[in-house]
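I opened the model to look up a few points on contacts, packing and burial. My entries follow in the order I made them.

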Amino acid sequence: MINEKDYILTIDNLEICFEVDGGSFKAVDNVSLKIERGKTLAIVGESGCGKSVTAYSILKLIQKPGKIIGGKIVLYPSNERPIDISELNERSQLLYHIRGGYIGMIFQEPMTALSPVHTIGNQILEGISLHSKEKISAKKARQMTIEMLNKVGIPNPSEKIDLYPHQISGGMRQRAVIAMAMITKPQLLIADEPTTALDVTIQAQIIQLMKQLQKEFGTSIILITHDFGVVAQTADDVAVMYLGRIAEHASVREIIKNPMHPYTKALLGSLPDLAAKGKRLQSVDGFVPQSFDRPRGCAFHTRCKYAKDGLCNVGFGANLDEFVKGHKVACLRAEEIVNYGL
Amino acid sequence: MDCEKKIILSVENLCKYFPIYSKGFFAKISGYVKAVDDVSFDLFEGETIGLVGESGCGKTTAARTILRALTPTSGKIILKTNGISVDLADLSESHLKALRPKMQMIFQDPFSSLNPRMTIGNIVGEPLIIHKMAKKREMLDKVKQILVRVGLSSEHLNRYPHAFSGGQRQRIGIARALIMNPSLIIADEAVSALDVSVQAQVLNLLMDLQKEFNLTYIFVSHNLGVVRYICNRVAVMYAGKIVEIASTEKLFENPLHPYTQMLLSAIPHPDPDIKLVVKQAGEIADITSLPDGCKFYPRCSFRSSDCLCNSMQLKKIDDDHFVACPLKS
Amino acid sequence: MTKQSQNTSVATKSQWQLIRSRFMRHKLAVISFFFLQVLYLVAVFAEFISPYSPSQQEIERSYCPPQIPRLNSKNGLYVYSMQIVIDPVTFRKTYNENKDQIIKLSFFAHGSKYKMFGLFKSDRHLFGINNNENRFYLLGADKYGRDILSRIIYGARISLSIGIIGIIITFVLGITIGGISGYASGKIDNFIQRSIEVINSVPKFPLWLAFSAVLPDDWSSLKIYFCITLLLSLLGWTGLARVVRGKILSLREEDYAVAAYLLGASRRRIIFKHLLPGFTSHIIVSLTMTVPWMILGETSLSFLGLGLRPPIVSWGVMLGDCMNMTTVANYPWLLLPVVFIIFTVLCFNFIGDGLRDASDPYSL
């Protein structure tokens, strides 16, 4: 059924371990994801759920004390042989080429993603000189940069190219960061909370820009966010994560209209945008446990109103059962919940 | 709608200007940033008013000036408690101190708003000590009560802030604000730094407390979803001015000011079937260089040359709907 | 379960307890702290620990090289005695170890009489020779045949204490002036900051020169000692004042300071209850880093003959003896105080490092 050509990237049973004083804990546990070519996958979850760590592991950007201890990450560039990223050496030339070449990255804080001592033009240009296959003249590269700036909606690109990051506004900076990521025409873009630091009006512009660029270049996007509004407007597929594991993985419409995992239900229930005015929000009780204190069995069972003693505190739906086609849930009671409308 | 209701606070022509100094050794004032410019509104007892706008629009400055964390440049802040009206704007610090228990603030950042060197008991109980409202033993009892009320345990008394998660810290901040039985609470982006599920818990808590203690909230936020959910009325600020103020339903269903329309259209709805259609583009206003007339003029798509003569006065459209746009009156 | 209880214990630990436990993890700092403690103890009990008094001369044994202590089962701890050979032409002394004649060392030996802290009379030394006829020099002797080891131990008293007394004055000046500057802001702040800049831009050595020229020759060594300390701290407080000012300025904007103000707390309460505890650890770090500066200051002043003068013994004064190349080349053990200076300064720096890492409240 699974035709490998449909995917740009597959992650299989990824495990990432963090070693801290007095022990280690798994920040990412048994995570498998597949990203369809030209589509957007959103990884959603609350802080500390492992969504960023998962995304960074794709570029092998996990820093100490974190360590990838298992799993396979394979990139399938179009018209090229697949690359097993998990097998690559830390210092291999190919890995450098993947970072920024095959896979681009957009960060949350545009100010820290840009160097304050170089013009935005030079920072974008760097991607061309580092990753282009044939030699490109300085003049041509500058021309390409101006084109790119124009595409990301920066007015007067031929003037703006020589400005420093502090000379342009926050929204423009994020556009410049996107231009920096897109200049090499990456096949996969990892966007880590790209709009969280921005005002709502600018956020809307950036969302539209990303969709438009995706259409134009056919880029696949991994979007990391905690904002369901952004997810609904940009993603095709959604993976909900809780304490290092995937709770639910389905198309965006399925997740929002027909959530099956109690955690997803609770998250959606706590959105004020969807709630009726005056009614209490259906929040989850308690707090997210610390990652090193993950409860046994299903990590969510301590806060779950469907939890069943002897079942949920022993095992968890490790295999992500598929109920509706393409809708996977890691819940032992999902069938009961769906069928009997619990 | 709320006409018979008691007014608890009325802000009249409030201004807060920050001087801009010219560079050099003998720094001279070369101009002013009008962070809050001629803001007026009334606040009724028991209601929640939302103060929304983009970053740099002056909403936080307005909130802090109302509480007199900053001294206003001009204008009146009239607080009415127990039948007495006091103008906070020109009150001395010692007189202010007597009124502090009536008005409190909940901060955005749950990490920097709690002193890392103090235990929770001392943080929450400090107001009682400052105002000599309780002795040590009594204080601890009261602190325990209020901690339980905001959803923490009385065992947390001797812990330090670093032992708590963001949501728990925000509860501690709420407990500190509540312990003196205030009537007015300003929540400055109180839930913005929290995760969605924790945010819901805190919003529920704030609503419960409002009912229980008859609190009045000024809810400063950039998150329009939250504001729509929790507020009775909403004031939209742009470049230091209120451009539209209305009941929540009217504002969200029938936004009149072009800026409000633009702001609302930009909210990504969590339902994928409701598509995002951005009305206008444009950058956030640079507050140091604004046109004389309507401050929104450079970004407005309905603008006409008259707008530059308009002084941005709020005009009444409806009983509880005011807008500062000449094209809409 | 154990994890849980561990968590609770961390939760109720105060900032100071956390700093302590984090400091203990910094191995180098802990070791340095231990050695410094030993050093200060030695300085305090100098009379007892040093085998001789620092001024006890024996001119025939000038420039005696270090005698290496040896151990065997027959004799216990011993050194070989030194045979003096005088070159008949140049009159230069050379010392040779006489392996036939040993000098036994014993612990708690009777030696020269002293009065501990001016109270207890004794003639016991930690180690020495019971027979007063002979002498031994573990670290060699100087021009007058004085024991370098004893002089280093006595010198530690002056050199180490000058740092401590110096920082007390620095501390008072720095906190007050920096505090005023930070909280008053405006014109006062501007004035203080410009003054600090002026003080910092005054060339240090000419100033010291002028100062030592002013000091009357007939002053007692104690008086001179205090004057030098005062001088060092009068120039050293500026750094601390800036730290304090900067910290107050930044902490004043912290939400918890604003919160305290909105609760009705007075300015004094905000400064002392909220702001000051927020950076005591920074002050301590900054002070720890100032101590070596003071020690080096004393040393360089005394070395140049501008600071303390003989008969006071300090490490700097001792180094004053090796000002010419031939002495250093022929009698390198005269430079041994340098080793102690470097060691002490390093220890203070490591401790400062450890404290700084430990006092950052958000690192774990």
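**Notebook entries**

I started with Arg22(C), which I found in helix 2 (residues 15–25) of chain C. Helices here are DSSP runs of H or I with at least four residues, strands are runs of E with at least two, and both are numbered from the N terminus. The model is predicted, so local features need pLDDT of at least 70 and side-chain atom pairs count only at pLDDT 80 or more, while totals for chains, interfaces and linings use all residues. Residues are numbered from 1 along each chain as its sequence is written, and chains are lettered from A and ligands numbered from 1 in the order in which they are written.

Is Arg22(C) buried or exposed? Arg22(C) counts as partly exposed because it has 17 C-beta neighbours inside 10 Å. (Buried means 20 or more other C-beta atoms within 10 Å of the residue's own, exposed 12 or fewer, partly exposed in between; C-beta atoms are placed from the backbone.) I also checked Arg22(C) against Leu209(C): they are 187 residues apart in sequence and 44 Å apart in space, C-alpha to C-alpha.

Next I looked at helix 5 (residues 148–184) and helix 13 (residues 336–359) of chain C, which pack at an angle of about 40 degrees with their axes 10 Å apart. Axes are lines fitted to C-alpha atoms, for helices over the stretch in contact, and angles run from 0 to 180 degrees between N-to-C directions. The two helices are therefore oblique to each other (under 35 degrees is roughly parallel, over 145 roughly antiparallel, 65 to 115 roughly perpendicular, the rest oblique). I noted that Ile148(C), Ile152(C), Gly155(C) and Leu160(C) of helix 5 meet Leu336(C), Pro337(C), Phe340(C) and Thr344(C) of helix 13 in this contact (C-beta atoms, placed from the backbone, within 7 Å).

I then turned to chain B. In helix 9 (residues 258–265) of chain B, I listed Pro258(B), Tyr259(B), Thr260(B), Met262(B) and Leu263(B) as buried. Their cover includes helix 8 of chain A, along with helix 7 (224–230), strand 9 (233–238), strand 10 (241–247) and helix 8 (248–253) of chain B.

Last, I went through two interfaces. Between chains A and B, the contact takes 35 residues from chain A and 32 residues from chain B. Helix 8 of chain A gives the most to the chain A side, with 7 residues. Between chains C and B, I recorded 19 residues from chain C and 23 residues from chain B. Helix 9 of chain C supplies the largest share of the chain C side, 6 residues.

How values were computed: Two residues are in contact if their C-beta atoms, placed from the backbone, lie within 7 Å.
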